[in-house]
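Student: Could we go through this structure together? I would like to begin with a term that I keep meeting.
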Amino acid sequence: MSTINRAVLWGLAVLLIAVLSWYCLWFFDHYQRQAQTQRVDVSPEAQRNVFLAAERFLAELDYEVESFRARDLTTQLPSTDDALLLRRMQPDLSAQQLDRLKGWLYGGGILIVTPTAFDQDDEISDTFFADLGVQLRRPTATDVVSHACEQEPCSETTKAAKAALNLSFSDAVEPIKVSFRRERILVDRNGRASEHLASEQGDQYLKFEMGLGRVYVLSDLDLFTNAGIKQFDHAFFLSHLVSGSDKVWLQYGIDRPALPLLLWHKTPFVMVSLAVVLWLMGWRLFLFTGPRLSLQQEQRRNLLQHIDASADYAWRIDKGDGLFEQNRQAIEQAWRQRHPGLNVMDHRQRAEWIGEKAGMASRAVERSLYQAITKDQDFIKATLVLQQLASSLKQQELR
């Protein structure tokens with residue numbers, strides 16, 4: 001390659017680099033990256049599953065996680081290496097179900113749960129929480145908090161904002177903040193909880209050690225729902241509770257039994273009575289009183305018999321008046337078409353003219369064509385008059 005050609009190639013390369021550099025500078029001077037927020041409707045899956053955002057957050061942390069609905073939570077418990085978050089604890093656990101659940105906890109299971117109803121001062125309605133000695137109550141003026149302000153004095157802002165229930169979680173590398181619903185506090189009646197997390201109103205979080213497993217009782221689980229998981233440090237708080245688990249199970253609802261099954265469990269005597277009544281009603285349908293009607297064995301009727309039967313049926317269902325009205329309108333129209341001069345006459349003049357042509361009394365013609373027929377005898381007479389008018393008109397056409 002000659003020196004001139006090499007110089008030309010180098011010149012073209014430098015020119016190309018210069019053009020690309022100028023274009024890059026121009027592009028970044030005139031365009032900039034912008035983020036746009038586009039609002040979309042809530043998906044049906046998120047409406048059905050209130051823990052969908054929590055499920056996807058845990059999945060991003062490489063947790064194996066699954067959301068589900070269940071009615072009997074103790075029938076198929078997960079592995080003892082898993083964590084189970086229950087939106088609603090089954091209230092009427094039997095002794096066998098309670099022993100099965102406690103056995104799963106002592107084996108290493110992690111349970112996150114909240115009471116669903118307020119209890120009276122003297123008793124706890126839920127079987128599982130009665131065994132733990134945990135009570136959900138509304139705060140009163142006598143509820144004095146010690147756990148949140150024992151280590152350091154509470155600020156004036158914390159004392160004033162009792163409704164916010166913003167809490168500091170100290171069992172972490174750095175303090176984190178969570179928020180619970182107002183007017184809900186937990187009471188550890190037996191003093192078995194190993195950890196407390198409280199606001200100025202009372203305990204919001206209790207931790208119980210049960211063998212190799214543990215139970216976290218929270219005053220509410222709204223902080224883990226789709227709307228609450230993004231606030232404060234709720235997502236980190238959830239990951240802290242389920243740490244060390246192989247799989248996380250999120251129970252977002254309870255399957256309701258079918259209505260017949262629910263009625264059978266609640267009111268069996270009503271269902272039995274209803275079944276007996278229905279059986280008696282069905283049995284009564286096969287009974288009859290009086291002699292049976294014998295069906296006449298007749299051959300297929302001809303056309304005239306069918307017309308006669310149809311007319312008889314129409315007469316029985318009060319369609320005779322409509323048939324008579326149609327007939328006299330048709331006869332009147334036929335006379336007016338045959339004799340156009342009738343169109344300019346009134347009813348009386350028209351009846352006199354038609355009666356003169358047909359050889360009938362004008363009064364009878366007027367009554368048959370225009371007057372209301374109420375009696376059966378008048379109906380028969382009017383029908384005979386219409387037949388005579390029709391015959392007279394037919395004779396005029398044949399002339």
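Tutor: Let us begin with exposure. A residue is called exposed when its relative accessible area is over 50%, buried when that area is under 20%, and partly exposed in between. Please keep in mind that this is a predicted model.

Student: Is Phe-28 buried or exposed, then?
Tutor: Phe-28 has 62% relative accessibility, which is over 50%, so Phe-28 counts as exposed.

Student: And what about Phe-27?
Tutor: Phe-27 counts as partly exposed, because its relative accessibility is 34%.

Student: How many aromatic pairs are there in the whole structure?
Tutor: A search of the whole structure gives eight aromatic pairs. In the pair of Phe-27 and Phe-28, the ring centres are 5.6 Å apart and the planes stand at 85 degrees, so this pair is edge-to-face.

Student: Which residues form a cluster with those two?
Tutor: Tyr-23 and Trp-26 join Phe-27 and Phe-28 in one aromatic cluster.

Student: New topic: strands. How many residues of E9 are buried?
Tutor: Strand E9 covers residues 203–210, and seven of its eight residues are buried.

Student: Which way does E9 run against E8?
Tutor: E9 and strand E8, residues 195–198, pair in the antiparallel sense over four bridges. One bridge partnership is that of Leu-197 with Tyr-205 in E9. The two strands are joined by a hairpin through four residues.

Student: And how many bridges join E9 to E10?
Tutor: Six bridges join E9 to strand E10, residues 213–218, and these strands run antiparallel. Here Glu-209 has Arg-214 in E10 as its bridge partner. The hairpin of E9 and E10 has two residues between the strands, and in this hairpin Gly-211 takes a positive phi near 65 degrees.

Student: Which salt bridges does Lys-207 make?
Tutor: One is with Glu-195, where the closest N and O atoms are 3.7 Å apart. This pair links distant parts of the chain: Lys-207 lies in strand E9 and Glu-195 in strand E8, 12 residues apart. Another joins the side chains of Lys-207 and Glu-209, at 3.4 Å from N to O.

Student: Are Lys-207 and Glu-209 buried or exposed?
Tutor: Lys-207 is buried, with a relative accessible area of 12%. Glu-209, at 46% relative accessibility, counts as partly exposed.

Student: How many salt bridges does the structure hold?
Tutor: The structure holds nine salt bridges. Among them is the one between the side chains of Lys-247 and Glu-64, at 3.8 Å from N to O. That pair links distant parts of the chain, with Lys-247 in strand E11 (residues 247–253) and Glu-64 in strand E1 (residues 64–69), 183 residues apart.

Student: Why does Lys-247 count as buried?
Tutor: Lys-247 counts as buried because its relative accessibility is 14%, and the limit for buried is under 20%. Its partner Glu-64 is partly exposed, with a relative accessible area of 48%.

Student: One last topic: which residues make the nonpolar surface patch?
Tutor: The patch, of about 810 Å², is made by Leu-261, Trp-264, Val-272, Val-276, Trp-279, Leu-280, Trp-283 and Leu-287.

Student: Which helix gives the most to the nonpolar patch?
Tutor: H9 gives the most, with five residues. Helix H8 (259–266) and helix H9 (268–285) each supply at least two residues. Val-272, for instance, has its place in helix H9, and it is partly exposed, with a relative accessible area of 42%.

Methods. Residues are numbered from 1 along each chain as its sequence is written. This is a predicted model: local features need pLDDT of at least 70, side-chain atom pairs count only at pLDDT 80 or more; totals for chains, interfaces and linings use all residues. Side-chain values use heavy atoms; hydrogens and water are left out. Patches are made of residues with over 30% relative accessible area and no salt bridge: like charges are joined within 9 Å, nonpolar side chains (Val, Leu, Ile, Met, Phe, Trp, Tyr) within 5 Å. Accessible areas come from the Shrake-Rupley method with a 1.4 Å probe; for residues, only the protein chains shown count as cover. A salt bridge is a side-chain nitrogen of Lys or Arg within 4 Å of a carboxyl oxygen of Asp or Glu. Buried means under 20% relative accessible area, exposed over 50%, partly exposed in between (1.4 Å probe, protein chains only). Two strands pair if DSSP finds at least two bridges between them. Rings of Phe, Tyr and Trp (its six-membered ring) pair if their centres lie within 6.5 Å; planes under 30 degrees apart count as stacked, over 60 as edge-to-face and the rest as tilted.
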